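Hi,

Here is the structure I promised to pass on to you. Have a look at it first, and then read on for my notes.

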Amino acid sequence: MNMQSKHTADATTVEEGLAIAAEQDAIYDDEMATETAMQNTLLTPRFYTTDFDELDAIDVSSVREDWDGLIAQMLSDPNKGHFKKNEDWDQIDWDGMDPQLKKEFIDFLISSCTAEFSGCVLYKEMKRRGNNKDITQLFQLMARDEARHAGFINDALREAGLRVNLGFLTQKKKYTYFRPKFIYYATYLSEKIGYARYITIFRHLQANPEHRFHPIFKWFEEWCNDEFSHGEAFALLMKTDPKLTSGVNVLWIKFFLTAVYATMFVRDHQRPAFHEALGVDPDWYAHAVFEKTSELSKQIFPITLDIDDPRWLKNCRALYRANADIAKAKERGGIAGKIAQLWGSLRAGRAFVALYFIPAKKHQVPTKTRLEPCY
C-alpha cells in the first residue's frame, strides 16, 4: 500500500510547509528558475526586512472587533488542501507551447512564486521575533498561506522542468530594509492589487474558458481571497495609528500607489504573448486592476490616483518604452550602451515624476475598515 505523499497545501503551519518544500527540492534541481528569482531590479519582487520591535509594539485594541473576526476567519483555514493538483488539473504540452508564450508564462510563474515567498519570509520572521500574541498569530497565519501559494506555483514549474529553490532564496537573495510604515503601504497594496489581478483574470476566463491555456488559473479565486484577507490585515494595522494615513504620510501613500501601479503596468506590458493567449488587452487589464484596487484602497487611504486622466496612460506607456530601451541598451553593452541606459533612465524618471504629480482624488475614509471580497 502506497502512503500518500505530503503536500504544502495540507500544511497547517509555515514551518511544516517549508519543510515539505525542502524535501521536494532535495529530489529535484534546476538553476535557471532560481537564478531568475535571485535577480534584483526595479521590476522584480524583493525580499524585505524591517524594525520588528516596532511591529511587535502595535496595540490592536482600537480595531479589536474587526481584528478578532479576521483572525477567526483565517484560523478556520478555508483553503487548507486546496492548492494542489487534482482531477481538474489538465496536462500541458510544454514542448508544444509557443516558445514566446512559454518564456513569458514561465517568467510570470517565477515572478509570482518569488513575490509569494517574499511575503512568507517577512511574515515568518515577524512571527519568530515577536512576543505580541496578536501580531505573531497574524503573521504566522499569513506566512502559512504564502508558503502554500509558493509551493503550488513550484508544482506548476516542475512540470516545465524548472523550480525555484526557496531555501536558497531565503539565504542568498538580497534583503531591502523598509521602515514599518513603508512595509504597510507596500504590502497592503501588493496584497490588494494581487487580489485584483487574480480575480480579473479568473472572471475573464470564467466567461472565456477557451483562453485558459493552463490549469493554474482555475485556482485563482481561492488564491485571491487569501490575498484579500492579508490586505485586510494591513488595513487594520494602519487603522491602529491615524498618523499613518494623514499629514505628510499622504504623500508617501501617493508615492507607493504610483510605484506599485506603474511597476505592474510596465511588467505586464513586457508579456504580450501571455496576455494575447489569455485574450486580454494589457491596457484594458491594467485599467481594470487599477479600478478595483483604487476602490478597495478607499477603505484606508484618503486618496486614489486619477487613472482616468489622459496623462496617466500616456506616461505609463512612456515609462514602459523607456524601460524597454534600457533593457536593449544593457544587452548592447559598451560605451554606447551605457549612454543609452542613462538616457533611458532619465526618460523613465521623467515619466514617473509626471505620473506622481497628476492630482489625486480625495475622499473621506469610512469609519468601518473591514471589507469582504466583492468581485
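Which residues form a nonpolar patch on the surface? They are L342, W343 and L346, and together they have about 360 Å² of accessible area. Please keep in mind that this is a predicted model. L346 sits in helix 14, which runs over residues 334-356. This leucine, L346, has a relative accessible area of 51%, so it counts as exposed, the cut-off being over 50%.

Next, helix 6. This helix covers residues 133-159, and 24 of its 27 residues are buried. How far apart are the end C-alpha atoms of helix 6? They are 40 Å apart, and this agrees with the 39 Å that 27 residues should span at 1.5 Å a residue. Both sides of the helix also caught my eye. At the N-terminal end, N132 acts as a cap for helix 6, with a side-chain oxygen 3.1 Å from the backbone nitrogen of D134. After helix 6 comes G161, which has a positive phi, near 80°.

There is one more residue I would like you to look at. D77 also has a positive phi, about 55°, although D77 is not a glycine. You will find D77 in the loop between helix 4 (64-75) and helix 5 (99-129). Is D77 buried or exposed? Its relative accessibility is 12%, and because buried means under 20%, D77 counts as buried.

Happy browsing, and do write back with your thoughts.

Best wishes

How values were computed. Residues are numbered from 1 along each chain as its sequence is written. This is a predicted model: local features need pLDDT of at least 70, side-chain atom pairs count only at pLDDT 80 or more; totals for chains, interfaces and linings use all residues. Side-chain values use heavy atoms; hydrogens and water are left out. Patches are made of residues with over 30% relative accessible area and no salt bridge: like charges are joined within 9 Å, nonpolar side chains (Val, Leu, Ile, Met, Phe, Trp, Tyr) within 5 Å. Accessible areas come from the Shrake-Rupley method with a 1.4 Å probe; for residues, only the protein chains shown count as cover. A salt bridge is a side-chain nitrogen of Lys or Arg within 4 Å of a carboxyl oxygen of Asp or Glu. Helices (H or I, at least four residues) and strands (E, at least two) are DSSP runs, numbered from the N terminus. Buried means under 20% relative accessible area, exposed over 50%, partly exposed in between (1.4 Å probe, protein chains only). The expected span of a helix is 1.5 Å times one less than its number of residues. A polar contact is a pair of N or O atoms within 3.5 Å; within protein, one must be able to donate a hydrogen and the other to accept it, and residues adjacent in sequence count only if both atoms are side-chain atoms.
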